[in-house]
Amino acid sequence: MKAKIDHIVIGADNLISGTSILEKKLNTKLLPGGEHKVMGTHNKLLKLQKEIYFEVIANNPNAEPTNHPRWFSLDELETKEKIKNSARSLCWILAVDNIYDAVKNCGYNPGEILELSRGDLRWKVTVPTDGKLIENGVLPFLIEWPKNIHPSHNLANSSISLNKISLIHQEPENIKHIVNNLIKSDLISISKGLPKVEFYLKNQNNEIVID
């Protein structure tokens, strides 16, 4: 299956304060994103490697009420507690060429396929119907962009790069089997422990861990 790392998702209790914390931590400015009206969220972005980006996302207090649970577990009490004082890692997203085939063959349930938009961007993405993360963020959401369209094309280059996505799970061999079926990447490590995902970023001088 052809897949590649698309972006990493960091959750914040409030987009303004979360952005401020991350900008100090990374020593760089995040760029404007936009609103996801169906999900009642909004975001800021940062370009990492080519066609990989960093997204900080938060519930939008000005959004219209939505019938769909917010994605990335942002309605969950456990997530709200986790991100209350600082922006924290939530999950990662894999880009695929054909999302319908990927869902059939990925080896787990990544959720229903939704067609979403933000500004001029349009994409297809998997979202569990309950809005929760998949294995606490260890297994990825899947996304399909239109050909030659990607948010990173509109983002300025940054001094930050993605060094590693650390996937931790009590059944690492099962996770390894699923992930290896989707993607082969030196940026992904899998180890044993309570389920969570950690992002290792690098700037010119330091490695920064977002867990």
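In the predicted model, strand 11 and strand 12 run antiparallel and are joined by 4 bridges. The two strands form a hairpin, with 4 residues lying between them. Within this pairing, Tyr-200 has Val-209 of strand 12 as its bridge partner.

Strand 11 (residues 196-202) also pairs with strand 9 (residues 161-169), again in the antiparallel sense, over 7 bridges. Across this pairing, Ser-166 is placed opposite Glu-198 of strand 11, and Ile-168 opposite Lys-196. Of the 7 residues of strand 11, 5 are buried, so this strand is largely enclosed by the rest of the structure.

These strands belong to an open sheet of 4 strands, arranged in the order 10-9-11-12 with mixed pairing. The edges are formed by strand 10 (188-192) and strand 12 (207-210); each has a single partner strand, and therefore one side of each is left without a neighbour in the sheet. From one strand to the next, the twist averages 20°. Helix 4 (residues 172-182) packs on the sheet, where it touches strand 9 and strand 10, and its direction makes about 160° with that of strand 10.

The largest nonpolar core of the model comprises 67 residues, and Ile-8, Phe-54, Phe-72 and Trp-92 have the most contacts inside it. Strand 5 (residues 88-96) supplies the largest share of this core, with 7 residues. When neighbours within four places in sequence are left aside, the residues in contact with Phe-72 include Val-9, Ile-57, Leu-90, Ile-93, Leu-133 and Phe-141. Glu-55, Thr-79, Cys-91 and Gly-131 are also among the contacts of Phe-72.

How values were computed:
Residues are numbered from 1 along each chain as its sequence is written. This is a predicted model: local features need pLDDT of at least 70, side-chain atom pairs count only at pLDDT 80 or more; totals for chains, interfaces and linings use all residues. Side-chain values use heavy atoms; hydrogens and water are left out. A nonpolar core is a set of buried Ala, Val, Leu, Ile, Met, Phe, Trp, Tyr and Cys residues joined through side-chain atoms within 4.5 Å. Buried means under 20% relative accessible area, exposed over 50%, partly exposed in between (1.4 Å probe, protein chains only). Contact means heavy atoms within 4.5 Å. Two strands pair if DSSP finds at least two bridges between them. Axes are lines fitted to C-alpha atoms, for helices over the stretch in contact, and angles run from 0 to 180 degrees between N-to-C directions.
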